[in-house]
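Please look over the sequence and the model shown here before reading on. The paragraphs after it go through the fold one region at a time.

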Amino acid sequence: MKVTIKEIANAAGVSIATVSKVVNGKDHNITSATRQRVLETINELNYVPNRIASSMITKNTYTIGLVIPDITNPFFPEVARGVEDYANQAGYHVVLCNSDNNLKKESTYIYMLQEKMVDGIIITSSTSSVREESARNYMKIGIPIITVDRDMKDFKTQGKILVDNTKGAFEAVSYMIEKGYKKILHLSGSMNSTPSIQRFEGYNNALKHHNIDFDPDLYLEGTYDVEWGYEGIKKIMDKKIDFDSVFCGNDLIAIGAMKAIKELGLRIPEDIGIMGFDNIYIASVVTPSLSTVNQPNYKMGYKAAELLINFIKNPSKPDDEVVLETELIIRESTL
């Protein structure tokens, strides 16, 4: 039989109100000895709080949603880990949803999380340009939303956690140019996303800064995966376009590009230099190890959860935007 809060109160020799305060984390005016006695009694009797009933009273479920576009991309599990670590410290649970870069699926998850009465949502959208209708619907749900990695300009959120992609790409491409690479191919991810747009901007700015004309033949748009990196190199080689290095939209693209280049019998970095973006774990263990741009993905998730939960606790808090810095990581794939 399920233990009630009244039974906990009787066994601990305290009031029902005291047990309720301890269970709901509102025990700041309760002595540490009393709190400890209540917690020990809860543990001994295996009491499980009825969160549904509690949420109907407090209007809080102490649950947040996390919607990410691709759980197979090693970048996002680290973001999710950061979200979960802060949420757990703050007494919140996290519901993880993977949209598979599908806007329709993403919208379905948003409404599902609303039905589950989550207190807020952290989202990395499958696109940076949500349709106007979707934007209006997102705003109607009345749940605070924090965006991570994608700057969704079409609707108002309660906060954004971004990185300076433009600066990171500029520094990476500038380094390559200064090392002697002049014909730098850019294999980009989808230009529907803010990171792709900003990384292309940084690439182009670096070319201009070093008086190198942009060559449209040295730019290909694709997807953020290994297959695209491999396919992109094959396409360029089939067109017999001359290039001496590749700046990739992320590390997965770079790893696919490295595979194709090796199959062609070319040396990395002597014949072709490779630069990635993200600094996922595998970048340091491939051969040769991959030069890349580090993103603080764990910190992005951690700060997103901090921003969201602070807003949940204080809805009058002004909207906030946090822009984190990147770091150039030089390894063996560039000269």
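In which loop is P269 found? P269 sits in the loop between α11 and β9, where helices (H or I, at least four residues) and strands (E, at least two) are DSSP runs numbered from the N terminus. This is a predicted model, in which local features need pLDDT of at least 70 and side-chain atom pairs count only at pLDDT 80 or more, while totals for chains, interfaces and linings use all residues. Residues are numbered from 1 along each chain as its sequence is written, and side-chain values use heavy atoms, with hydrogens and water left out.

The peptide bond that joins I268 and P269 is cis, with omega about 15°. Another cis bond leads from T287 to P288, with omega near -10°, and P288 lies in the loop between β9 and β10 (292-294). Most residues other than glycine have a negative phi, and most peptide bonds are trans. Y62, which is not a glycine, has a positive phi of about 55°, and its place is the loop between α4 (51-58) and β1. Y62 is buried because its relative accessible area is 19%, buried meaning under 20% relative accessible area, exposed over 50% and partly exposed in between (1.4 Å probe, protein chains only).

From there the chain enters strand β1 (residues 63-68), which contains L66. L66 counts as buried because its relative accessibility is 1%. Leaving aside neighbours within four places in sequence, L66 is in contact (heavy atoms within 4.5 Å) with A80, V83, V94, V95, L96, C97 and I122. One of these partners, A80, lies in helix α5 (residues 75-89) and is itself buried, with a relative accessible area of 16%.

In soluble globular proteins, nonpolar side chains tend to be buried together. A nonpolar core is here a set of buried Ala, Val, Leu, Ile, Met, Phe, Trp, Tyr and Cys residues joined through side-chain atoms within 4.5 Å. The largest such core has 41 residues, and those with the most contacts inside it are L187, I233, V246, F247 and I274. At least two residues of this core come from each of α8 (165-178), β6 (184-188), α9 (194-209), α10 (226-238), β8 (245-248), α11 (251-263) and β9 (273-275). The largest share, seven residues, is supplied by α11. Not counting residues up to four places away in sequence, I233 touches L185, L187, F243, V246, A257, A260, I261 and L264. A second, separate core of 28 residues includes F76, A80, A87 and L307.

Before helix α6, N101 lies in the loop between β2 (93-98) and α6. N101 is not a glycine, yet it has a positive phi of about 55°, and it counts as partly exposed because its relative accessibility is 44%. At the start of α6, a side-chain oxygen of N102 reaches to within 2.9 Å of the backbone nitrogen of K104. The 13 residues of α6 (residues 103-115) should span 18 Å at 1.5 Å a residue, and the end C-alpha atoms are 19 Å apart, which agrees; the expected span is 1.5 Å times one less than the number of residues. The buried residues of α6 are L103, E106, S107, I110 and L113. They cover an arc of only 125° around the axis, and therefore lie on the same side of α6, the arc being that of the directions from the helix axis to the C-beta atoms. An α-helix has 3.6 residues a turn, so residues three or four places apart point the same way. The face turned away from the buried side carries the exposed residues K104, T108 and E115. Just after α6, M117 takes a positive phi of about 60°.

The next region is a set of paired strands. Strand β3 (residues 120-123) runs parallel to β4, joined by three bridges, where pairing requires that DSSP finds at least two bridges between two strands. I123 stands opposite T147 in β4. On its other pairing, β4 joins strand β5 (residues 159-163) in the parallel sense over three bridges, and the bridge partner of I146 in β5 is G159. From β4 (residues 145-148), I145 and T147 point one way and I146 and V148 the other way, and all are buried.

Key
A polar contact is a pair of N or O atoms within 3.5 Å; within protein, one must be able to donate a hydrogen and the other to accept it, and residues adjacent in sequence count only if both atoms are side-chain atoms.
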